[in-house]
Amino acid sequence: MFVLYETPAGYAIFKLLDEKKLQQIDNLYLEFETPELANKVVKLKHFEKFADTTEALSAATAAVEGKVSKSLKKTLKKLVSDDVQNQLLVADAKLGSAIKDKLSLQCVSNTGVQELMRCIRSQSESLLSGLPKKEMTAMALGLAHSLSRYKLKFSPDKIDTMIVQAQCLLDDLDKELNNYMMRAREWYGWHFPELGKILTDNIAFIKTIKLVGTRDNMATTDLSDILPEELEEKVKEAAEISMGTEISEEDITNIQNLCDEILSINEYRTHLYDYLKTRMMAMAPNLTVLVGETIGARLIAHAGSLVNLAKHPASTVQILGAEKALFRALKTKKDTPKYGLIFHASLIGSASAKNKGKISRSLAAKASLATRVDAFGEDVSMELGTEHRAKLEMRLRLLEEGNMSRLSGTGKAKAKLEKYHAKSEVKVFKSGEDSTLPIGKKRKLSEGAKIEEIEPEVKEEPSDEPSAGESSKKKKKNKQKDLDASTAEVAHASKKIKTEDEETPPEEGAEPQSEKKKKKKKKRESQVAQPEEDEEEPAVTETPTSQKKKKKKKVKEESDDS
């Protein structure tokens, strides 16, 4: 069983003399207390020394990445050819798997191996003969410097430091320019205060001061290269009637020197912005297309690097830069901020106040995706950023127009709208069709049937007196008169009810429940009256035949008596 031990000077391969010692991890350090005891446990078999620092650096970087270097491959090939069936104890599991794949050598890496490596390191001076301590420390220091320089040179986190520095310098230049411009306006305002109100553009204001000097020279100088014709006329008119104080030539020269400084800073700022733009398009093209150069650079600077920004979720990207407002809102239990640095993006600026929160959330989600593609993707192009920007612009258009129909599942939304419109339809109610009064003829028949039902009962009573025939005739005549009068009264009452219904239309909101109850009662009476008429019609037809037979009998009896 062999042990691979890595040093700044080269690779050392030890042979483990007693394999049982590896199982006793707790007391293993006791075996390495002295060099003599250490030589009884392990023995140096081969040492491969590095030729120079570059070879040591390449071997160290390969070991960090878990790869097998050329020098290690040579030493292990010799070991494999000599002892085929032996195992190799390795400190790094990644390196062990790489060795196993390339050289088909069985590698072991566990806690026992780590403890053994620690013990060998404590007695490395005595175990590695021929390497003095000073030489070993010098090699270790040189390798450490070269390795750190290599990491710094090729680290993906450090490439975007130029972007961070350029953006911070741009912000500083903007602050300085604003201070200088304010000072120049205030200084020259004592001499010509009207010029500051006419010229709102700072650069045009500074160029005019530098070219003209005092306001007395305003009428003779040509300002067509700096200002348009309308503004030039206004400036010259205001110079003739200005209320400013007189200043000396020395004051004007100092003001013009300040103007030279402002123009030089502004020119340098434009060059720096162009540099930042090219760096951002090279480093993060998708993020630049979505939010712009300055906002993307500020996000990267705030996160520390492009990789750190890619690790943030979309919710963090949305409020990045508004940490104070967030924690203040959480402390006071108020609404949290909807946006941070991302607020200055063009998409959010073009949205209305009510839609800014929705667009900022969508933009933060797309920006986080674009940042991850820029940071970890291979052969990065700006196709993803342009596609996401088109989608965001379409969503913003939908929100501004007020069309909230979903992109997916539009059928449900349409169905809901149709249902809503169907409810809003108004149907006109015809009050004339709601009359439940029965027709006059049916009422006459029903009344006549009821009265005639009583009639046979009266006639069936036995009459013992001889003058019963004459009295019965009188009674019949009286009953017929009563029937005619009652039917006339019923018809008159029904006509009155109809006229009242036509003359008095139903009042809106005036006792609708009572009218409904009356109508229901009338319907029930009409329904009851109809079956009664059907049952009583045969009785009505039967009564006249029985009356005729009785009349004939009475006439015969009178003729017999006479």
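Is R183 buried, exposed or partly exposed? R183 is partly exposed, and its relative accessible area comes to 43%. The legends below come back to this residue and visit a few other spots in what is a predicted model.

**View 1. Helix α21, from end to end.** Here we look at α21, a helix of 19 residues covering positions 383-401. Going from its first C-alpha to its last, the helix reaches 27 Å, close to the 27 Å expected at 1.5 Å a residue. Just past the helix comes G402, whose phi is positive, at about 85°.

**View 2. The two sides of α21.** Five names to look for on the buried side are G385, H388, L392, L396 and L399. Look down the axis of α21 and these buried residues fall within an arc of 80°, so they line one face of the helix. What lies over them? The cover of the buried residues includes α14 (285-291), α19 (346-350) and α20 (356-376). Now turn to the face pointing away from the buried side: there you'll find the exposed residues E383 and E401.

**View 3. A salt bridge along α21.** Stay with α21 and pick out K391 and E387, which form a salt bridge with their closest N and O atoms 3.7 Å apart. These two sit four residues apart in the helix, so about one helical turn separates them. Both ends of the pair are partly exposed: K391 has a relative accessibility of 39%, and E387 has one of 41%.

**View 4. A salt bridge along α9.** Back to R183, then. Its side chain meets that of E186 in a salt bridge, at 3.4 Å from N to O. Both residues belong to helix α9, and they are three residues apart, about one turn of the helix. Like R183, at 43%, its partner E186 counts as partly exposed, at 48% relative accessibility.

**View 5. A salt bridge between two helices.** In this close-up the side chains of R298 and D171 come together in a salt bridge, at 3.2 Å from N to O. R298 lies in helix α15 (residues 293-303) while D171 lies in helix α9 (residues 161-189), so the pair ties together parts that are 127 residues apart in sequence. How exposed are the two partners? R298 counts as partly exposed at 27% relative accessibility, and D171 is partly exposed too, with a relative accessible area of 24%. A search of the whole structure turns up eleven salt bridges, the R298 and D171 pair being one of them.

How values were computed. Residues are numbered from 1 along each chain as its sequence is written. This is a predicted model: local features need pLDDT of at least 70, side-chain atom pairs count only at pLDDT 80 or more; totals for chains, interfaces and linings use all residues. Side-chain values use heavy atoms; hydrogens and water are left out. The expected span of a helix is 1.5 Å times one less than its number of residues. Buried means under 20% relative accessible area, exposed over 50%, partly exposed in between (1.4 Å probe, protein chains only). The arc is that of the directions from the helix axis to the C-beta atoms. Contact means heavy atoms within 4.5 Å. A salt bridge is a side-chain nitrogen of Lys or Arg within 4 Å of a carboxyl oxygen of Asp or Glu.
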